[in-house]
Amino acid sequence: QVQLVESGGGLVEAGGSLRLSCAASGSHFTIKTMAWYRQAPEKQRELVATITSDGSPNYADSVKGRFTCSRDNSKNTVSLQMNSLKPEDTGVYYCYAIISPVDKDRSYQYWGQGTQVTVSS
């Protein structure tokens with residue numbers, strides 16, 4: 001059974017930085033695309049960044065130039081370095097991954113439990 005476990009959220013002042021990490025536990029699988037989503041209070045969940053299996057990232061316009069997404073395939077982890085944080089970055093951040101078991105010809109979507117990021121003004 002695959003699980004995604006996030007860490008690294010917290011409270012930071014505007015202009016500060018935080019680093020989120022997500023680790024996929026389990027075995028006998030291949031991780032394809034990984035991503036970070038966030039959900040602010042009373043708003044829909046939105047895509048923040050994606051990263052392909054070969055490490056190519058893409059970002060939402062709202063975070064370009066401030067956030068950096070990276071992954072370590074040897075450790076099944078994905079990270080999100082968040083710099084120059086703004087109050088509007090506040091929300092619950094979720095790790096997402098598309099994962100294929102090695103013995104099955106299909107993929108499954110997995111979500112982490114979420115980690116709170118709060119940016120004070």
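**Group meeting: an all-strand chain and its contacts**

Read along the sequence, the protein in front of you follows the pattern β-β-β-β-β-β-β-β-β-β-β, which in secondary-structure terms comes to 11 strands and 0 helices. I should say at the outset that this is a predicted model, and everything I describe this morning is computed from its atoms. The radius of gyration is 14 Å, close to the 14 Å given by the globule rule for 121 residues, so the protein is as compact as a globular protein of that length. Along its principal axes, the C-alpha trace spans about 50 × 25 × 20 Å. Buried residues account for 40% of the 121 residues, and among contacts between residues at least 6 apart in sequence, 55% join residues at least 24 apart.

Let me begin with the cysteines. The count comes to 1 disulfide, formed by Cys 22 and Cys 95, whose sulfur atoms are 2.1 Å apart. This pair links distant parts of the chain, since Cys 22 belongs to strand 3, residues 18-25, and Cys 95 to strand 9, residues 91-101, with the two positions 73 residues apart in the numbering. The link is left-handed, with -80 degrees about the S-S bond, and both Cys 22 and Cys 95 are buried.

What, then, of Cys 69? Which cysteine sulfur is nearest to that of Cys 69, and how far away is it? The nearest is the sulfur of Cys 95, at 8.8 Å, and Cys 69 is in no disulfide; because a disulfide requires sulfur atoms within 2.5 Å, that separation rules the pair out. Cys 69 is nevertheless buried, with a relative accessible area of 4%.

Turning to the strand pairing, strand 3 and strand 8 run antiparallel and are joined by 6 bridges, and within this pairing Leu 18 has Met 82 of strand 8 as its bridge partner. Strand 8 also runs antiparallel to strand 7, residues 67-72, again through 6 bridges, with Thr 68 standing opposite Gln 81 of strand 8. Strand 7 and strand 8 form a hairpin with 4 residues between them, and in that turn Asn 76 has a positive phi of about 55 degrees.

There are two further residues whose backbone I would ask you to look at. His 28, in the loop between strand 3 and strand 4, has a phi near 60 degrees, a positive value in a residue other than glycine, and His 28 is exposed, with a relative accessible area of 61%. Ser 84, in the loop between strand 8 and strand 9, likewise has a positive phi, of about 50 degrees, although it is not a glycine; Ser 84 is partly exposed, at a relative accessible area of 40%.

The loop between strand 8, residues 77-82, and strand 9 also holds Leu 85. Is Leu 85 buried or exposed? With 2% relative accessibility, Leu 85 counts as buried. Leaving aside neighbours within four places in sequence, its contacts include Val 12, Ala 14, Leu 18, Phe 67 and Val 119, and Arg 66 is also among them. Towards the end of the chain, the C-alpha atoms of Leu 85 and Ser 121 are separated by 9.8 Å, although the two residues are 36 residues apart along the chain.

Finally, the aromatic residues. A pair of aromatic rings is described by the distance of the centres and the angle of the planes. The structure holds 4 aromatic pairs, and in one of them, Tyr 37 with Tyr 96, the ring centres are 5.7 Å apart and the planes stand at 70 degrees, so the pair is edge-to-face. Tyr 37 lies in strand 4, residues 29-39, and Tyr 96 in strand 9, so this pair ties together parts that are 59 residues apart in sequence. Tyr 96 counts as buried, at 9% relative accessibility. Together with Tyr 94 and Trp 111, Tyr 37 and Tyr 96 form one aromatic cluster. Arg 45 sits against two members of this cluster: its charged end lies over the ring of Tyr 94, 3.7 Å from the centre, and Arg 45 also lies over the face of Trp 111, at 4.7 Å from the ring centre.

Methods
Residues are numbered from 1 along each chain as its sequence is written. This is a predicted model: local features need pLDDT of at least 70, side-chain atom pairs count only at pLDDT 80 or more; totals for chains, interfaces and linings use all residues. Side-chain values use heavy atoms; hydrogens and water are left out. Buried means under 20% relative accessible area, exposed over 50%, partly exposed in between (1.4 Å probe, protein chains only). Contact means heavy atoms within 4.5 Å. Rings of Phe, Tyr and Trp (its six-membered ring) pair if their centres lie within 6.5 Å; planes under 30 degrees apart count as stacked, over 60 as edge-to-face and the rest as tilted. A charge sits over a ring if NZ of Lys or CZ of Arg is within 6 Å of the ring centre and within 35 degrees of the ring normal. Two strands pair if DSSP finds at least two bridges between them. The radius of gyration is taken over C-alpha atoms; the globule rule is 2.2 Å times the number of residues to the power 0.38.
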